[in-house]
Amino acid sequence: MQREYCDEQLATAIYTVNRHAKTAPDNKPLYELKRLALEKMILDSRAKKIGLHFVKNPRFSKQQSSVLIQCADYYFHTLPKKDDFASLPHLGHLDDSYRNPQRKMSLNTARNVLKDYLGIKTQQMVKKGTGSSSNPKKKPIINNTSYFYGH
């Protein structure tokens, strides 16, 4: 059942997912959800690309840029595509004095809002390999029959 969400609800959900992705051990599904939601909002004219910013801590000490996207009263950064460099103005360095508004939404609610907006069923985003056999805390069995163990 797909509901109609206002831009502020979607932006708050993206903000919540993005905030949790920054500290999550496995952040790829969260960043993927953010990227898909922002792309759909841009296609629906509910968000717009503003320009390019330099990345604060680039990988491999090479200068990189990210796309600044405005969604309601929030601003987000995503990876640029080739045509973004030709069509968007470069805004230089990020303004460290600006902060997005802090609104509260649980991660579970935020995920459900974005999945509903994108039309993704909950089962489609379930991680693979979640079972008792993939328990990372389980120690491997070592064969103790060698010269070092006296057998």
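**View A. Pairing of strand 1 with strand 2 in the predicted model.** Strand 1 and strand 2 run antiparallel and are joined by seven bridges. One of the residues in bridge contact is Phe54, whose partner in strand 2 is Ser65.

**View B. The open three-stranded sheet.** The strands are arranged in the order 1-2-3 with antiparallel pairing. Strand 1 and strand 3 form the edges, each pairing on one side only. On average, neighbouring strands of this sheet are turned by 30° against each other, direction ignored.

**View C. Helices lying across the sheet.** Helix 1 lies across strand 2 and strand 3 and runs at about 50° to strand 3. Helix 2 lies across strand 1, strand 2 and strand 3, at about 115° to strand 3.

**View D. The buried face of helix 2.** Leu30, Leu33, Lys34, Ala37, Leu38 and Met41 of helix 2 are buried. Seen down the helix axis, the buried residues fall within an arc of 125°, so they line one face of helix 2. An α-helix has 3.6 residues a turn, so residues three or four places apart point the same way. The buried residues of helix 2 pack against helix 1 (7-21), strand 1 (47-54), strand 2 (65-71), strand 3 (74-78) and helix 4 (107-118). Lys28 and Leu43 are exposed, on the face of helix 2 turned away from its buried side.

**View E. Span and C-terminal exit of helix 2.** Helix 2 comprises 16 residues (28-43) and reaches 22 Å from its first C-alpha to its last, close to the 22 Å expected at 1.5 Å a residue. Ser45, which follows helix 2, has a positive phi, near 60°.

Note on methods:
Residues are numbered from 1 along each chain as its sequence is written. This is a predicted model: local features need pLDDT of at least 70, side-chain atom pairs count only at pLDDT 80 or more; totals for chains, interfaces and linings use all residues. Side-chain values use heavy atoms; hydrogens and water are left out. Helices (H or I, at least four residues) and strands (E, at least two) are DSSP runs, numbered from the N terminus. The expected span of a helix is 1.5 Å times one less than its number of residues. Buried means under 20% relative accessible area, exposed over 50%, partly exposed in between (1.4 Å probe, protein chains only). The arc is that of the directions from the helix axis to the C-beta atoms. Contact means heavy atoms within 4.5 Å. Two strands pair if DSSP finds at least two bridges between them. Axes are lines fitted to C-alpha atoms, for helices over the stretch in contact, and angles run from 0 to 180 degrees between N-to-C directions.
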